[in-house]
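Grab a coffee and open the structure viewer. Below are some short exercises, each with a solution worked out step by step.

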Amino acid sequence: MGNPMAKNLMKHGYPLIIYDVFPDACKEFQDAGEQVVSSPEDVAEKADRIITVLPTSINAIEAYSGANGILKKVKKGSLLIDSSTIDPAVSKELAKEAEKMGAVFMDAPVSGGVGAARSGNLTFMVGGVEDEFAAAQQLLGCMGSNVVYCGAVGTGQAAKICNNMLLAISMIGTAETMNLGIRLGLDPKLLAKILNMSSGRCWSSDSYNPVPGVMDGVPSANNYQGGFGTTLMAKDLGLAQDSATSTKSPILLGSQAHQIYRMMCAKGYSQKDFSSVFQFLREEETF
């Protein structure tokens, strides 16, 4: 996600100072003349507007509060935007730490996948001080077509967690439906066409269909490579489960989806796109 997001900032004329834990990820930017540094604190020393995109809460804590973290060298008045999907409680804690250093932290998790990242059509869900939203919107608008203010720090994460729980449920539902229809003798392209002109239509069926051969340009057309990994979906569903427990909210389907994606990770699907749940269900005859 960070790669195409950074490229869209470049297209809008922003000079970049880049760090990635995997140096090879920075090479094409360095070749294009952008500055690459050796730690998050080096970024903070040179920039006063910083965007992070990280896989987990632990990664975000390390990037901001670690030994070589952003908060070691952050400038007063800096705007820190975290587009990771992490625990809302972690976002709130990082915001408190940033405030002590005179900086502003906002959570702005992102939705839309790699395709929308490339085209600049992502959706950002932003939580933080409302007075700072305009400054964040100016940057995020270079990478997304929808930048939505959700409320205080942590509310962006709350919106993203809810979205991804629904996405997982709908993807599993689409996979089950397509599998059943195929076994009943329906052509998968025909079934998808019918679903997408009927009341069962959803993003998983019409924009990201999990059945190989139904759509071009999606992970199911490429052996489920690229896209949004099963490990990350399992992580996000774990965040939803934790939030449901803390708020005493029943998420029966969300919990089931969490277990399915955890099982997929244990059975060799961890590096595949989350739409590979179709393949997983096709191979599992014991449910």
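**Exercise 1. Cysteines**

Work out whether Cys150 is buried, partly exposed or exposed, and how many disulfides the chain has.

Solution. This is a predicted model, so every value here is computed from the predicted coordinates.
- Step 1: start with accessibility. Cys150 has a relative accessible area of 32%. Buried means under 20% and exposed means over 50%, so Cys150 counts as partly exposed.
- Step 2: look for a partner. The cysteine sulfur closest to that of Cys150 belongs to Cys162, and the gap is 10 Å. A disulfide needs two sulfurs within 2.5 Å, so this pair is too far apart for a bond.
- Step 3: try Cys202. Its nearest cysteine sulfur is again that of Cys162, here 18 Å away, and Cys202 is in no disulfide.
- Step 4: the count comes to zero disulfides.

**Exercise 2. Two annotated spans**

Find what helix and strand content goes with each of the two domains that UniProt lists.

Solution.
- Step 1: take residues 1-151. The UniProt record, an unreviewed entry, lists them as "domain: 6-phosphogluconate dehydrogenase NADP-binding". This span is 39% helix and 21% strand, with its end C-alpha atoms 24 Å apart.
- Step 2: move on to residues 154-280. The same kind of listing, from an unreviewed UniProt entry, calls them "domain: 3-hydroxyisobutyrate dehydrogenase-like NAD-binding". Here you get 61% helix and 0% strand, and the end C-alpha atoms lie 33 Å apart.

**Exercise 3. The second largest pocket**

Describe the lining of the second largest pocket: which residues lie nearest its centre, and which element gives the most?

Solution.
- Step 1: get the volume and the lining. The pocket holds about 320 Å³ of space, and 19 residues line it.
- Step 2: go to the middle. Nearest the centre are Pro88, Ala158, Ser243, Ala244 and Thr247.
- Step 3: map the lining onto elements. Those giving two or more residues to it are α5 (88-100), α8 (155-183) and α11 (230-247). The biggest contributor is α11, with seven residues.
- Step 4: sort by chemistry. The lining divides into 10 nonpolar, six polar and three charged residues.
- Step 5: check the domains. Domain 1 (2-152) and domain 2 (159-281) each supply at least three lining residues.

**Exercise 4. Two residues of helix α8**

Ala158 and Lys160 both sit in helix α8. Decide for each whether it is buried or partly exposed.

Solution.
- Step 1: Lys160 is the residue that UniProt lists as "active site", in an unreviewed entry. Its relative accessible area is 5%. That is under the 20% cut-off, so Lys160 is buried.
- Step 2: Ala158 has 36% relative accessibility, so it counts as partly exposed.
- Step 3: add a distance for Ala158. Glu45 is 113 residues away in sequence, and the two C-alpha atoms are 31 Å apart.

**Exercise 5. Positive phi**

Asn223 and Tyr224 are in the loop between α10 and α11. What are their phi angles, and is each one buried or partly exposed?

Solution.
- Step 1: recall the background. Most residues other than glycine have a negative phi.
- Step 2: read the angles. Asn223 has a positive phi of about 55°, and Tyr224 has one near 60°. Neither is a glycine.
- Step 3: compare accessibility. Asn223 is at 47%, which makes it partly exposed, whereas Tyr224 is at 2% and counts as buried.

**Exercise 6. Two more loop residues**

Place Glu132 and Ile251 between their flanking elements, then say whether each is buried or partly exposed.

Solution.
- Step 1: Glu132 sits in the loop between β7 (122-127) and α7 (133-140). Its relative accessible area is 28%, so it is partly exposed.
- Step 2: Val104 lies 28 residues from Glu132 along the chain, and their C-alpha atoms are separated by 8.0 Å.
- Step 3: Ile251 is in the loop between α11 and α12 (252-266). At 14% relative accessibility, Ile251 counts as buried.
- Step 4: from Ile251 to Pro88 is 163 residues along the chain and 18 Å between C-alpha atoms. You met Pro88 above, among the residues nearest the centre of the second largest pocket.

Conventions:
Residues numbered from 1 in each chain as written. Predicted model: local features only at pLDDT ≥ 70, side-chain atom pairs only at ≥ 80, totals over all residues. Heavy atoms only, no water. 1 Å grid on protein atoms, 1.4 Å probe; cavity = no way out; pocket = protein on both sides within 12 Å on 5 of 7 lines; lining within 4 Å. Points joined across faces, edges and corners; volume = space filled by probe spheres on them. Helix = DSSP H or I, 4+ residues; strand = E, 2+ residues; numbered from the N terminus. Nonpolar A, V, L, I, M, F, W, Y, C, P; charged D, E, K, R; others polar. Domains from an automatic or database assignment. UniProt positions renumbered as here; feature names shortened; annotations may be inferred. Buried < 20%, exposed > 50% of the residue type's maximum accessible area, 1.4 Å probe, protein only.
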